[in-house]
Amino acid sequence: FPTRRSSDLMYHGYSSLWNGESDIAFEKFDQAFSLIQDLLADQHVGFLIYIYDLVIRYEASGQQVLLLRLLQYLADMARTVYSDNHPVRLIATWMMQASNIRSALAECVLRKTLEFFQDSIGYFHQETMALLQTFAWALMNRERYAESALRFKQLADAFETIAGKTSYEACFALRAMSEAYFHQAAYSQTLETVQEALQRSASLPRDQEREMYLRCLRQIAEVAKKLGRDEEADALMQQCVDCCKGYFGDDHTFTARALMHQKSLREDGWTKRPAIPTAVHRLGKGGNAAKYIWASKSALASSA
């Protein structure tokens, strides 16, 4: 899917930027931008959701210059492919001009769109679920951690209903909920939710079980670090890195991410800032719910 591919490229771009590899980073960004024309072709509503998500993710990361470049590219591409009055062009232009209220506007629109999806195509529709997940991460990036935890709980409950308590999607939603608790300094709730995710994920296929185990292990390491147990945190992160290398390989995305977290946890002043930049942390996450492109015209037509 072009949307997922674009997100993957942006993730790898931010990963390279974080590691000081600027040339590689912007090569990845340019590759992501090149997919935009394909994304514009048929999925107008879905791509508008994607724009709002990008605004919240990237503005929160402090990469406003890159965000403005992306929005300008979107506006120019929409004008070339369609017209001056195409919705993608108008919204990209408005977002460029919104400056200090850009993220607030994006959050408001995503909230209203989610309400519309829930009312029009149903609470358990795959596109509604994908949008709920997008909105929950947006709230996390907006530092609205209490509501983010509630939204991830909704997502976990919904996946339990349609896929089962031990499904990958339900486990992933629980792990995400634990992160929202973590940012509220609710460490007991964080560890309880992580433990539940670990227990449920034990019966998943091996690749998914290992992935969930490593995500949870990293969260436990971060809690240990916050509580001042530096040696325990370092040992847990080393275990996470070793497991990533041993199971997924040295060049896998999970290994690169684990090494970034390990590096950050060892730096002075870690407790005052996120382990790695928001955009690097969020991009690439999502589980199977994130794979859907919101083909809302067909979805709404089928629900009519």
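This presentation describes the fold, one helix pair and several salt bridges of a predicted model.

Good morning, colleagues. I shall begin with the overall picture. The secondary structure of the protein chain consists of 16 helices and 0 strands. The chain has 304 residues, and buried residues make up 51% of them. Among contacts with a separation of 6 or more, 67% are between residues 24 or more positions apart.

Let me turn to a particular pair of helices. Helix α12 covers residues 206-226, and helix α13 covers residues 230-247. How do their axes meet? They come within 8 Å and cross at roughly 160 degrees. Because angles over 145 degrees count as roughly antiparallel, α12 is described as roughly antiparallel to α13. The crossing of these two helices is left-handed. On the α12 side, the residues making the contact include R206, R210, Y213, L214 and L217. On the α13 side, they include D230, L236, M237, C240 and Y247. By class, the contact of α12 with α13 has 13 nonpolar, 1 polar and 7 charged residues.

I shall stay with α12 for the next topic, which is salt bridges. Side chains of opposite charge can pair when their charged atoms come close. A search of the whole structure finds 20 salt bridges. One of the residues to consider here is E209. Which side chains does E209 meet? In one salt bridge its partner is R206, at 3.2 Å from N to O. In another, E209 meets R210, with an N to O distance of 2.8 Å. R206 and E209 both lie in α12, 3 residues apart, which is about one turn of the helix.

Are these three residues buried or exposed? R206 has 49% relative accessibility and counts as partly exposed, because exposed would require over 50%. E209 is buried, with a relative accessible area of 12%. R210 is also buried, its relative accessible area being 17%.

Elsewhere, salt bridges that share partners join E107, R111, R142, R144, E147 and R151 into one network. Within this network, R151 is found in helix α9, residues 145-163. R151 has a relative accessible area of 15% and is therefore buried. Which residues does R151 touch? Not counting residues up to four places away in sequence, they are R111, L114, L132, F135, A136 and L139. R111 thus appears both among the contacts of R151 and in the salt-bridge network.

A further salt bridge joins D84 and R79, whose closest N and O atoms are 3.1 Å apart. D84 has 42% relative accessibility and counts as partly exposed. R79, at 38% relative accessibility, is partly exposed as well.

Finally, I draw your attention to A197, which is found in helix α11, residues 187-201. Is A197 buried or exposed? At 0% relative accessibility, A197 counts as buried. Leaving aside neighbours within four places in sequence, A197 is in contact with C171, L174, R175, M212 and C216. A197 and Y168 are 29 residues apart along the chain, and their C-alpha atoms are separated by 9.4 Å.

To close, I return to two points. The chain is built with 16 helices and 0 strands, and E209 in α12 forms salt bridges with R206 and with R210. Thank you for your attention.

How values were computed: Residues are numbered from 1 along each chain as its sequence is written. This is a predicted model: local features need pLDDT of at least 70, side-chain atom pairs count only at pLDDT 80 or more; totals for chains, interfaces and linings use all residues. Side-chain values use heavy atoms; hydrogens and water are left out. A salt bridge is a side-chain nitrogen of Lys or Arg within 4 Å of a carboxyl oxygen of Asp or Glu. Buried means under 20% relative accessible area, exposed over 50%, partly exposed in between (1.4 Å probe, protein chains only). Helices (H or I, at least four residues) and strands (E, at least two) are DSSP runs, numbered from the N terminus. Axes are lines fitted to C-alpha atoms, for helices over the stretch in contact, and angles run from 0 to 180 degrees between N-to-C directions. Angles under 35 degrees count as roughly parallel, over 145 as roughly antiparallel, 65 to 115 as roughly perpendicular and the rest as oblique. A crossing is left-handed if the near helix is turned anticlockwise from the far one by less than a right angle, and right-handed if clockwise. Contact means heavy atoms within 4.5 Å. Ala, Val, Leu, Ile, Met, Phe, Trp, Tyr, Cys and Pro count as nonpolar, Asp, Glu, Lys and Arg as charged, and the others, Gly among them, as polar.
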